[in-house]
Amino acid sequence: MIRNYIKTAWRNLVKNKVFSLINVFGLAIGLACCMLIAAYLYSELTYDTYPANYKQLYRLGVKTLANGGMTDFASVDVAVGEGIKHTYPQVLAYTRLVHGGPTFVSYGDKQFKEQKIATVDSNFLRIFSIPLIQGDGKTALVEPNSVVINKELAKKYFGGEQPVGKMLKFGNNLMKVTGVIDKVPDNSHFHFDAFISMASFGHVQQTWSNIGFYTYLLLDKNADPKKLEAQFPKVIAEHVVPEIQRDMGVSLAEAQKAVNTFFFYLTPITDIHLHTSTKFDLEPNGDISYVYIFGALAVFILLLACINFTNLSTASSARRSKEVGIRKVMGSLKEWLVTQFLVESVMLTVFSMLLALGIVYLLLPYFNNLAGKHTTMSFFLSYKALLIGFALTLFVGILAGLYPAFFLSSFKIINVLKGNSGTAEPAKKNLLQSSLVVFQFTVSTALIICTFIVYQQLHFMQNKKLGYDKDQLLVLNDTYTLGNNEFAFKDQLMRDSRVVNATVSTDIPGNGGMGGTEIYAKERQGDETKNEIHCNIYRVDANYLPTLGIKLIEGRNISPDFPGDSASVVINQAAQRELGWGNTDPLGKTIVRSGRREYTVVGLVGDFNYASVKDKVAPLMMVANRRHGNIILKIKTADVSGLLESINNQWKDYKAGSPFSYYFLDEQFASLYSSEQRTGKIFTSFAIIAVIIAGLGLFGLAAFMIKQRVREIGIRKVLGASSANITAMLSVDFLKLVLIAILIAFPITWYAMYKWLQDFAYRVDIAWWVFILAGVMALLIAFITISFQSIKAALANPVKSLRSE
């Protein structure tokens, strides 16, 4: 019986090639999109599940109450991990990591600037289940000046030599390679190429109230993290309060207020990637909202493909009615007919799944590049994936074929033999088809609108006026390696007519490397409402503001060479507001930093976006400091390559301790939004595919519906109807459905995008014309899709359609 079902199904699919092709291709695209999105979601949802005890691992962070809100920091101070482990027995172990930042590493005549260097406790790799392929994991990081590197770094410096036992120079320090790992897993919230032993730091003062040590706790499997968190105020009172009292020179009562503004908290490591938004995290994190968005997108794409099948199958009922009637006359039961049509549906889905795997194979490199992932075909061909794929094939086949199967098998024999369609409920059939078309174009229109608004927001962030001029700003990296020649090198560059201005600073907008401190207005000292705030610090010279084009609103610039300017400060408007000065003149007022050092405000600048425009501009103070770092050049020339070659030659003359490297500030700024740009491209790609699937379904449905009206069209033409009239008549019914879909999509999409935009401190307004444009595009897509079939029917010779009457 099953063999007969399959043979009959195959004949029907081959006989109706257009129907089969549209369904197979539409389903294949839908399934391929689902598989690619599933791979993306799997990667996102399985972050940090590689450690053996990942369910017991928590990161320790600190929250501070300042500036009228809570600020989360992903790290704590040096002594916190050990102190908490010794205080609470449910903490089995702790381990710490310090991100060392860019470091020059050398071996022999090879020297490279490495970005991914970390210093860790000796048990770090064991706790995170990162095995060594060379060396002993238990002892590799116990001794000072020892380092474990990954396989890529070993090949880079040592080639085919044995790396273990060799000496690498990190900055000015020699480190012994004691182990090699393959690499940190892709689904980790940190990725480093080298791990230096924490013992290399030597003795470090054991403090509690700062940040910088990423600390992880391994809890007993029966421990309750919430109950443990509830006990943290005890250690704050015992260790943080005395430290604040000592460092800030305040009374015990004043220091005890820290218990209400300073909180340690725990985050499961599996929540770090998708559920946290902290300051100074190790890497940019994902966003759980995008997981939901792409999950919904996958479901919608698959539904659109299933709807195509359902619509085309029910629309072709007239063609299958005689077959059903004859089968019933010959004694076929309804259950057998249902099974026959479901076998056809599943068979078609099997072909679609095979084609989908081919599409995935072709698109996977592009998708990996787009999504920033490293998925391979082995993921889709794994045992679990094949089982899920088999189940999905059955589910989609049954879901798409269920209604057509029952619909076709319910034909009345008497109606079929009279030459009717076979069903007594054409209105019900048309209602279902119309509803499915409306759903398809509601989703398609919504995706078009979302795509427009996403790109508007991205364009806005990249082109928003920042409060400084990022164009033609050339940053020369690591000029501190010139030592005392750094400022002489800057002065030499200034003599080039192509260089407008130059400044030396470690603090550059967009690099996220500024320091921070607690400040308050001196006039409120001793006041319960003195309003201590967290403020970022830039250390600048006299040329910093003019080089970057930052405008002074009041007062003057500062300079390390100006008498007394070591105690002067320029603040931004955000600091002015947060300190409680409102719009009053801040010049001459005194700021107290960390409870002791005082600065006099000599200048006020407008708020400029020195971090991402996703975040609100935070308070900033700029202090005078002749500090080595990087040189920022304001240039004005069309011959940029010539200028760079000239700077490189001068750099070589100074025999710097590092290779010449540079970047342009506008490019660095654009990289801040690489995650959003990537998400926008993924969303747009799948949105286009969804629209294509909807259009494909409409094309097939229009073909079948018009085929049923061939005789009607012939009669109308004989009676004098023009081709234009026929085309309009055939198109208008479908366009009405698309118009209904557009009206449904508008309010739903407006609300969804309004909620999405709330995550951005600076955002676009949702413009009305976006909806009109998307609606026109949806109507245009539908009209072009339908018109091909409509015009073909309108131009057909009526004699051919009526000669059998």
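This report walks through selected features of a predicted model, from its nonpolar cores to its loops.

**Cores**

The largest nonpolar core has 108 residues. Phe-294, Met-622 and Phe-686 have the most contacts inside it. Helix H2, residues 17-45, gives the most to this core, with 14 residues. Met-622 shows what such a position looks like. Leaving aside neighbours within four places in sequence, Met-622 is in contact with Tyr-538, Val-540, Leu-545, Ile-558, Ser-568, Val-569, Val-570, Val-605 and Phe-608. A second, separate core has 28 residues. Leu-60, Met-198, Trp-208 and Leu-266 are included in this second core.

**A buried strand**

Strand S12 covers residues 214-219. Six of its six residues are buried, so the strand counts as mostly covered, each buried residue having under 20% relative accessible area. In a regular strand, side chains alternate between the two faces of the sheet. In S12, Tyr-214, Tyr-216 and Leu-218 point one way. Thr-215, Leu-217 and Leu-219 point the other way. Both sets are buried.

What joins strand S3 to S12? Six bridges do, and the two strands run antiparallel. S3 spans residues 91-99. Within this pairing, Thr-95 stands opposite Tyr-216. Tyr-216 also belongs to a cluster linked by ring pairs. The other members are Phe-124, Phe-128, Phe-190, Phe-192 and Phe-195.

**Aromatic pairs**

The model holds 27 aromatic pairs. Two of them, both edge-to-face, are set out here.

| Pair | Centre to centre | Angle between planes |
|---|---|---|
| Phe-379 and Phe-380 | 5.2 Å | 85 degrees |
| Tyr-468 and Phe-608 | 6.0 Å | 85 degrees |

Phe-379 is partly exposed, with a relative accessible area of 27%. Phe-380 is buried, because its 6% relative accessibility falls under the 20% cut-off.

Where do Tyr-468 and Phe-608 lie? Tyr-468 is in the loop between helix H17 (426-463) and strand S14 (473-476). Phe-608 is in the loop between strand S21 (597-605) and strand S22 (620-624). The pair therefore ties together parts that are 140 residues apart in sequence. Tyr-468 is buried, with a relative accessible area of 8%. Phe-608 is buried too, at 0%. Phe-608 also appears among the contacts of Met-622.

**Charges over rings**

Two lysines sit over aromatic rings. The charged end of Lys-63 sits over the ring of Tyr-265, 4.9 Å from its centre. The charged end of Lys-156 sits over the ring of Phe-112, 4.6 Å from its centre.

**Loop residues**

Most residues other than glycine have a negative phi. Asn-145 has a positive phi of about 60 degrees, although it is not a glycine. Asn-145 lies in the loop between strand S7 (132-135) and strand S8 (146-150). Asn-145 is partly exposed, with a relative accessible area of 36%.

Gln-472 also has a positive phi, near 60 degrees. Gln-472 lies in the loop between H17 and S14, where Tyr-468 is also found. Is Gln-472 partly exposed or buried? Gln-472 is partly exposed, because its relative accessible area of 33% lies between the 20% and 50% cut-offs.

Asn-511 sits in the loop between strand S15 (499-505) and strand S16 (515-521). Asn-511 is partly exposed, at 32% relative accessible area. Not counting residues up to four places away in sequence, Asn-511 touches Thr-506 and Gln-668. Asn-511 and Gln-668 are 157 residues apart along the chain, yet their C-alpha atoms are separated by 7.7 Å.

Conventions
Residues are numbered from 1 along each chain as its sequence is written. This is a predicted model: local features need pLDDT of at least 70, side-chain atom pairs count only at pLDDT 80 or more; totals for chains, interfaces and linings use all residues. Side-chain values use heavy atoms; hydrogens and water are left out. Helices (H or I, at least four residues) and strands (E, at least two) are DSSP runs, numbered from the N terminus. Buried means under 20% relative accessible area, exposed over 50%, partly exposed in between (1.4 Å probe, protein chains only). Contact means heavy atoms within 4.5 Å. Two strands pair if DSSP finds at least two bridges between them. Rings of Phe, Tyr and Trp (its six-membered ring) pair if their centres lie within 6.5 Å; planes under 30 degrees apart count as stacked, over 60 as edge-to-face and the rest as tilted. A charge sits over a ring if NZ of Lys or CZ of Arg is within 6 Å of the ring centre and within 35 degrees of the ring normal. A nonpolar core is a set of buried Ala, Val, Leu, Ile, Met, Phe, Trp, Tyr and Cys residues joined through side-chain atoms within 4.5 Å.
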